[in-house]
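Please read this report beside the sequence and the structure. It begins with the chain as a whole and then turns to individual residues.

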Amino acid sequence: MLECRQCAKLPQEAILIRQEVFVEEQGFEVEFDEVDSIARHIVLFEDGIPIGTCRVYWNEIKASYVLGRVAVRKNFRGRAFGRRLLQEAEHLVHSLQGTTLCLAAQVRVKAFYEKQGYSAAGAEFLDEECPHVS
């Protein structure tokens with residue numbers, strides 16, 4: 001059974017998933033930041049096990065909601081859980097009367113976001129030596 005939870009504060013389950021995916025698996029060093037304190041966090045559970053997470057926050061400079069830190073644990077990939085997280089984030093933005101949602105995606109997963117209807121904009125850039133695109 002799938003369940004999604006939204007949290008105003010960074011929940012322990014999201015910390016666990018992001019530590020596992022971004023720090024241990026992908027080698028990022030600066031995973032947790034000040035945005036965590038202003039973001040809404042979404043955690044996806046399957047049968048009570050935390051399997052994926054993302055965060056959404058308002059960015060005044062971009063005049064848009066921003067999606068970030070989308071992560072699905074390795075053993076749960078390939079089962080459309082990433083798409084489910086995006087749908088939950090989009091639903092959250094819609095409920096907040098938002099009309100735009102942008103993100104900075106790792107280039108290696110750009111095709112995933114394009115399948116969900118997102119389009120790349122601008123040049124690639126590095127975030128901790130990892131190529132990203134808006």
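## Charge and surface

In this predicted model, the protein chain carries 16 positive and 20 negative side chains, and a distance of 5 Å separates the centres of the two sets. The accessible surface of the protein chain amounts to about 7800 Å², and carbon and sulfur atoms contribute 52% of that area. Of the 134 residues in the protein chain, 40% are classed as buried.

## Fold and dimensions

The secondary structure of the protein chain consists of 3 helices and 8 strands, and these elements follow one another along the sequence in the pattern β-α-β-β-β-α-β-β-α-β-β. Among contacts in the protein chain with a separation of 6 or more, 59% are made by residues that stand 24 or more positions apart.

Measured against the rule for a compact globule, which for 134 residues would give a radius of gyration near 14 Å, the protein chain agrees, because its own value is 14 Å. When the extent is taken along the principal axes, the C-alpha atoms of the protein chain fill a box of roughly 40 × 35 × 30 Å.

## A buried aspartate in a loop

Asp 36 is found in the loop that runs between α1 (12-25) and β2 (40-46). Its relative accessible area is 6%, and because the cut-off for burial is under 20%, Asp 36 counts as buried.

Which residues does Asp 36 touch, if those up to four places away in sequence are not counted? The contacts of Asp 36 are with Leu 10, Arg 18, Glu 31, His 41 and Arg 55, and thus the list includes two arginines, Arg 18 and Arg 55, as well as the acidic residue Glu 31.

## Two loop residues with positive phi

Most residues other than glycine have a negative phi, and against that background two positions deserve a separate description.

Ala 63, a residue other than glycine, has a positive phi near 50°, and its place is in the loop between β3 (49-59) and β4 (64-72). With a relative accessibility of 48%, Ala 63 counts as partly exposed, since that class covers values between the 20% and 50% cut-offs.

Glu 128 likewise is not a glycine and has a positive phi of about 50°; this residue lies in the loop between β7 (125-127) and β8 (130-133). The relative accessible area of Glu 128 is 32%, so that Glu 128 too is partly exposed.

Terms used:
Residues numbered from 1 in each chain as written. Predicted model: local features only at pLDDT ≥ 70, side-chain atom pairs only at ≥ 80, totals over all residues. Heavy atoms only, no water. Helix = DSSP H or I, 4+ residues; strand = E, 2+ residues; numbered from the N terminus. Rg over C-alpha atoms; globule rule 2.2 N^0.38 Å. Buried < 20%, exposed > 50% of the residue type's maximum accessible area, 1.4 Å probe, protein only. Contact = heavy atoms within 4.5 Å. Areas by Shrake-Rupley, 256 points an atom, 1.4 Å probe, with all protein chains shown as cover. Charge placed at Lys NZ, Arg CZ, Asp CG, Glu CD.
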